[in-house]
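This report describes one protein chain for a reader who is new to structural biology. Please look over the sequence and the structure before reading on.

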Amino acid sequence: MNRKLLALPMVVGLMTPVLAACGSGSGSGDDGKAIVFGTTDEFHITPQAPAPLDPVTGYDIQSWNVFYNTFQTLLRYPRSGTDPEPEAAKECHFADGLGEQYRCTLRDGLEFSNGHALTSKDVKFSIDRMLAIKDENGPYSLLTNVDKVETPDDATVVFHLKDPDATFPYKLATPAAAIVDSEVYDPKKQHAGFDIVGSGPYQLDSFKEGDSAVFTKNPHYKGTIKLNNSKIELKFFKNSTDMEKALKAGDIDVMNRTMTPDQLNSLNISTDSNVKLTETAGTEIRYLVFNTADPVVKQKAVREAFAQIVDRQAITRDVYKRTTEPLYSMVPAGITAHATSFYNSYGEPSVPKARKTLKEANITTPVELTLSYTTEHYGEATKQEFELLKKQLDASGLFKIKLQPVADWHTYTDAGRKHQYQVYGMGWFPDFPDPDNYVAPFLGKDNFLELAYANPLIQGQLINSTRQKTQRSATFPDFTQMQNIIASDVPMLPLWQGKQYLAARSDITGTEWTLNASSTTQFWELGRGVTG
């Protein structure tokens with residue numbers, strides 16, 4: 001068994017920029033002036049979410065964008081590619097022949113942003129805390145295979161796993177394994193407010209809810225990251241229109257989440273030499289969740305007929321203006337073991353086939369269903385997407401659809417976990433670029449969606465089988481079988497796969513490396529150079 005960190009065969013050029021204007025070269029300078037980064041992401045303190053910047057509570061792209069820049073993990077993803085490399089650790093490896101013990105040695109002299117020493121005790125504390133608090137909104141499910149963590153000395157951490165897991169190094173490179181200060185964070189409850197004490201490349205200097213957040217270079221940072229700037233300011237916008245105006249006016253330097261398809265196409269053909277658009281391939285997916293505990297939705301024929309009618313090509317063409325691609329599996333293109341199981345099972349959209357499916361199951365039409373979606377989290381095009389889904393399904397005469405928009409993200413996800421929706425929309429930015437991360441989080445025993453649907457073959461055999469294989473190409477048969485099961489049972493319906501876009505002023509460098517393989521933002525890549 002090869003004990004080197006695992007390499008995954010991705011599509012060549014996954015993170016290679018295909019659209020980049022002048023000013024995107026590698027040279028950059030730091031004049032001390034903040035690079036202002038615009039976003040429509042929102043962070044609010046609410047009774048449901050009192051600690052939005054604590055790693056135990058955050059399992060979404062907006063919070064992970066902050067965590068990746070302020071907390072260290074033992075391993076991290078490099079500028080390009082998918083192999084985790086040492087970060088807070090100077091070396092990690094599997095220490096047994098079964099893949100159930102993983103050992104890391106820390107770098108010398110690690111410190112948190114407050115000057116406290118970082119030792120193996122803090123690593124153990126962070127993992128134990130994540131699993132003890134087990135926040136329903138957090139990423140603890142990534143670590144549930146950890147049996148115990150030992151610290152033979154201040155520099156050594158040993159993870160004992162319940163079952164072999166070749167993907168464990170990838171999980172250690174995510175904010176689920178973010179290292180927090182054991183002298184500051186409570187072992188049994190959330191760290192409330194907008195305070196961060198980490199050992200990453202940046203420290204959080206200030207946070208004004210709904211306005212801005214300022215990050216400066218962490219003087220105590222000891223790791224592998226080279227910063228091309230010393231200060232980043234996040235500027236929060238209510239909508240993408242105002243954000244774009246600020247970019248064109250020079251009030252912000254960069255914008256990313258979330259731009260509308262019309263904006264992306266406009267920026268792509270723009271002759272404005274002051275603004276550039278960078279595009280890279282992406283692994284974000286959008287999908288529907290079916291609540292199989294619902295009396296109507298639990299009927300498999302209803303889900304099959306629904307899947308038979310949905311026209312993904314129309315969604316990507318008419319709503320997303322070809323800035324996304326149709327997706328026929330939960331595992332997207334560019335990830336090992338991607339298949340097109342839904343296309344293989346259903347082919348092109350067909351109302352006659354859907355009608356036959358419902359008729360053979362003695363289901364009376366039209367089937368009344370409510371489609372729920374969040375208006376806050378995934379951008380302004382989500383509303384149009386669900387309106388088109390309703391139009392497609394209603395036009396078949398086989399369904400009568402009601403739409404239910406929900407504003408608050410935490411209310412939305414909580415209701416989904418409690419099975420209060422019939423069908424609802426979700427998005428997924430991968431924790432790590434492996435097919436496991438497009439199956440286990442949804443269909444594993446500790447899945448974060450808390451699905452009513454459970455498949456014993458997937459949960460009891462196939463996921464564990466793939467995790468025992470260090471050569472990820474050897475997992476193809478198992479992952480293909482899992483994708484075929486999903487297409488057959490339809491507990492979820494994949495819709496589209498996204499690309500990654502970042503718009504910036506022409507003097508900003510490093511944009512082609514700013515978004516990593518998990519779609520999170522690496523602030524340190526951004527610099528200020530000269531216009532092209």
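## Charged side chains

How many positive and how many negative side chains does the chain have, and how far apart do the centres of the two sets lie? In this predicted model, the chain carries 54 positive side chains and 65 negative ones. The centres of the two sets are 4 Å apart.

## Overall form

The chain contains 15 helices and 21 strands. Its radius of gyration is 23 Å, close to the 24 Å that the globule rule gives for 532 residues, and the chain is therefore as compact as a globular protein of that length. Along the principal axes, the C-alpha atoms occupy a box of roughly 70 × 60 × 45 Å.

Contacts within the chain can be sorted by the distance along the sequence between the two partners. Of the contacts between residues at least 6 apart in sequence, 72% link residues that are at least 24 apart.

## Interior and surface

Of the 532 residues in the chain, 61% are buried. The area that the chain exposes is about 19,900 Å². Carbon and sulfur atoms contribute 48% of that exposed area.

## The disulfide

A disulfide is a covalent bond between the sulfur atoms of two cysteines. A search of the whole structure finds one such bond. The partners are Cys92 and Cys104, with a distance of 2.1 Å from S to S. Cys92 belongs to strand S4 (residues 89–94) and Cys104 to strand S5 (residues 101–106), so the bond ties together parts that are twelve residues apart in sequence.

Are these two cysteines buried or exposed? Both Cys92 and Cys104 are buried. The torsion about their S-S bond is about 115°, and the disulfide is therefore right-handed.

## The surroundings of Gly200

Where is Gly200 found? Gly200 is located in the loop between helix H3 (168–172) and strand S8 (202–208). Why does Gly200 count as buried? Its relative accessibility is 0%, and a residue counts as buried when this value is under 20%.

Leaving aside residues up to four places away in sequence, Gly200 touches Asn69, Thr70, Phe71, Gln72, Asn218 and Tyr221. One of these partners, Tyr221, is 21 residues from Gly200 along the chain, and the C-alpha atoms of the two residues are separated by 6.0 Å.

Conventions: Residues numbered from 1 in each chain as written. Predicted model: local features only at pLDDT ≥ 70, side-chain atom pairs only at ≥ 80, totals over all residues. Heavy atoms only, no water. Helix = DSSP H or I, 4+ residues; strand = E, 2+ residues; numbered from the N terminus. Rg over C-alpha atoms; globule rule 2.2 N^0.38 Å. Buried < 20%, exposed > 50% of the residue type's maximum accessible area, 1.4 Å probe, protein only. Contact = heavy atoms within 4.5 Å. Areas by Shrake-Rupley, 256 points an atom, 1.4 Å probe, with all protein chains shown as cover. Lys, Arg positive; Asp, Glu negative; His and termini not counted. Charge placed at Lys NZ, Arg CZ, Asp CG, Glu CD. Disulfide = S-S within 2.5 Å.
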